[in-house]
Amino acid sequence: MKAKKYIISLIIVAVIVLADQITKLLIVNNYNLKDEKQIIGDFLVLTYIRNSGAAWGSFAGKTAILVIFSIIVFIFIFRSYIRILEDPKYKPIRICYLCVVGGAIGNMIDRIRLHYVIDFIYFKFIDFPVFNIADIFVTLSVIVLVILFIFKYKDEDYEIIF
């Protein structure tokens, strides 16, 4: 049973990474740097930028630090994932972990290969930082995890999860 769960987990992560990398490839092949195409007026715009940092450009040019941080997060998530693998109670956490890992791998591939991350989704009307598919998976999963930890799981669960 465990082997099947691992295979399904790897497939989920691979699908997320592929979705991220394919959309980035489409942008690179169809846009010049800083080109913009309005999808929904100034609400949603596609634009190709290169982000050498993390969220909002923080740690710009610090590729090694960002890769090391990602590896530390992977280790923590893997350790926790193994501990909660068989308990159905923790399925929402496992799904969120897989989404975080898939998104982090998508961005780490860019960082290692290109020394920057390809971003392209832009909510221009509020001048929100440009982001990508990997960022969506990571951000939404972390938000769901915080909500789960606040409202669903109790102190005794934290000993198992962490």
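Contact means heavy atoms within 4.5 Å. The exercises below use a predicted model, in which local features need pLDDT of at least 70 and side-chain atom pairs count only at pLDDT 80 or more, while totals for chains, interfaces and linings use all residues. Residues are numbered from 1 along each chain as its sequence is written, and side-chain values use heavy atoms, with hydrogens and water left out.

**Exercise 1. List the elements of the chain in order.**

Step 1. Helices (H or I, at least four residues) and strands (E, at least two) are DSSP runs, numbered from the N terminus.

Step 2. The chain has 5 helices and 3 strands.

Step 3. Read from the N terminus, the order is α-β-β-α-α-β-α-α.

**Exercise 2. Find the residues that Tyr 153 touches, and place Tyr 153 in a core.**

Step 1. Leave out residues up to four places away in sequence; Tyr 153 then touches Lys 89, Tyr 90, Pro 92, Ile 93, Leu 148, Tyr 158 and Ile 161.

Step 2. A nonpolar core is a set of buried Ala, Val, Leu, Ile, Met, Phe, Trp, Tyr and Cys residues joined through side-chain atoms within 4.5 Å. Buried means under 20% relative accessible area, exposed over 50%, and partly exposed in between (1.4 Å probe, protein chains only).

Step 3. The largest nonpolar core has 22 residues, and Tyr 153 is one of those that touch the most other members, together with Ile 93, Tyr 97, Phe 149 and Ile 161.

Step 4. Helix 1, helix 2 (63-84), helix 3 and helix 4 each give two or more residues to this core. Helix 3 gives the most, with 8 residues.

Step 5. Apart from this core lies another, of 10 residues, among them Ile 27, Ile 118, Phe 120 and Phe 131.

**Exercise 3. Describe helix 4 and its buried side.**

Step 1. Helix 4 (residues 133-151) has 19 residues and spans 27 Å from its first C-alpha to its last. This is close to the expected 27 Å, where the expected span is 1.5 Å times one less than the number of residues.

Step 2. Its buried residues are Ile 133, Ala 134, Ser 141, Leu 145, Leu 148 and Phe 149. They lie on the same side of helix 4, because they cover an arc of only 125 degrees around the axis; the arc is that of the directions from the helix axis to the C-beta atoms.

Step 3. The face turned away from the buried side carries the exposed residues Ile 150 and Phe 151.

Step 4. The cover over the buried residues includes helix 1 (2-30), helix 3 (91-114), strand 3 (117-122) and helix 5 (155-161).

**Exercise 4. Is Asn 132 buried or exposed, and which side chain does it join by a polar contact?**

Step 1. Asn 132 lies in the loop between strand 3 and helix 4. Asn 132 is buried, with a relative accessible area of 0%.

Step 2. A polar contact is a pair of N or O atoms within 3.5 Å; within protein, one must be able to donate a hydrogen and the other to accept it, and residues adjacent in sequence count only if both atoms are side-chain atoms. Such a contact, of 3.1 Å, joins the side chains of Asn 132 and Asn 107.

Step 3. At the start of helix 4, a side-chain oxygen of Asn 132 comes within 2.9 Å of the backbone nitrogen of Ala 134.
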